[in-house]
Amino acid sequence: MQTQYLNYLNVQGIAKVTDFAQSFYYLACSNCKIATNAYGDGDFWCNYCAKKVPALTMIKFNIQIADATGSIEAAIFSEVAAEAYGITSADAIDVRKTHSIHTKLEHSRFF
């Protein structure tokens, strides 16, 4: 059996947050990382793990990537937000910092 490799495209454009009313984070199970309906920072019962575990703050927000040919909507998750943009979960929780998130994205050349 022959292995097929995929080549991924690199997109060069400007990433912008277009909806500042969106939530920039969600709470997930600290064990399986699946999103939950937990409230606050306390422990909750994870239906997937069947355990009582602490909630973990995960980053997720939608952006628009645009260049001269058009635009596309995309989602940014915790790993990319932290590594590429230096955005922490504390930044995502603090709604007052949403403008600084936009600024970090707009001045980034990651995409």
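**A colleague's note on the fold, its cores and four residues**

1. Let's begin with how the chain folds back on itself. Of the contacts in the protein with a separation of 6 or more, 52% are between residues 24 or more positions apart. Bear in mind while reading that this is a predicted model.

2. Now the overall layout. There are three helices and five strands in the protein. Starting at the N terminus, the order of elements is β-β-β-β-β-α-α-α, so-called here by strand and helix numbers such as β4 (51-67) and α1 (78-85).

3. A word on burial and surface. The protein has 111 residues, and 30% of them are buried. Its accessible surface is about 7,800 Å², and carbon and sulfur atoms account for 53% of that area.

4. Next, the inside. The largest nonpolar core has 13 residues, and Phe61, Ile63 and Ile87 are those with the most contacts inside it. At least two residues of this core come from β4 (51-67), and at least two from α1 (78-85). The largest share is that of β4, with four residues. There is also a second, separate core, made of eight residues, among them Cys29, Ala38, Phe44 and Val53.

5. Have a look at glutamine 22, which sits in the loop between β1 and β2. Is glutamine 22 buried or exposed? Its relative accessibility is 13%, and because the cut-off for buried is under 20%, glutamine 22 counts as buried. What does the side chain of glutamine 22 reach at 2.7 Å? The partner is the backbone nitrogen of asparagine 62. A polar atom of the same glutamine 22 side chain is 3.0 Å from the backbone oxygen of aspartate 19. Setting aside neighbours within four places in sequence, glutamine 22 is in contact with Val17, Phe61 and Asn62. Phe61 is a residue you have already met, as one of those with the most contacts inside the largest nonpolar core.

6. Serine 78 is another polar residue to check in the viewer; you'll find it in helix α1. Why does serine 78 count as buried? Because its relative accessibility is 15%, and buried means under 20%. The serine 78 side chain comes to 2.7 Å from the backbone nitrogen of isoleucine 59. If residues up to four places away in sequence are not counted, serine 78 touches Met58 and Ile59.

7. Glycine 42 belongs to the loop between β2 (25-29) and β3 (43-46). With a relative accessible area of 37%, glycine 42 is partly exposed, because that value falls between the 20% and 50% cut-offs. Which residues does glycine 42 contact, leaving aside neighbours within four places in sequence? They are Val53, Pro54 and Ala55. The C-alpha atoms of glycine 42 and proline 54 are 5.8 Å apart, with their positions twelve residues apart along the chain. Val53 ties this point to the cores, as one of the residues of the second core.

8. Last, lysine 16, in strand β1 (residues 14-16). Lysine 16 has 36% relative accessibility and therefore counts as partly exposed. How far apart are the C-alpha atoms of lysine 16 and isoleucine 65? The separation is 6.5 Å, although the two residues are 49 residues apart along the chain.

Note on methods:
Residues are numbered from 1 along each chain as its sequence is written. This is a predicted model: local features need pLDDT of at least 70, side-chain atom pairs count only at pLDDT 80 or more; totals for chains, interfaces and linings use all residues. Side-chain values use heavy atoms; hydrogens and water are left out. A nonpolar core is a set of buried Ala, Val, Leu, Ile, Met, Phe, Trp, Tyr and Cys residues joined through side-chain atoms within 4.5 Å. Buried means under 20% relative accessible area, exposed over 50%, partly exposed in between (1.4 Å probe, protein chains only). A polar contact is a pair of N or O atoms within 3.5 Å; within protein, one must be able to donate a hydrogen and the other to accept it, and residues adjacent in sequence count only if both atoms are side-chain atoms. Contact means heavy atoms within 4.5 Å. Accessible areas come from the Shrake-Rupley method with a 1.4 Å probe; for residues, only the protein chains shown count as cover.
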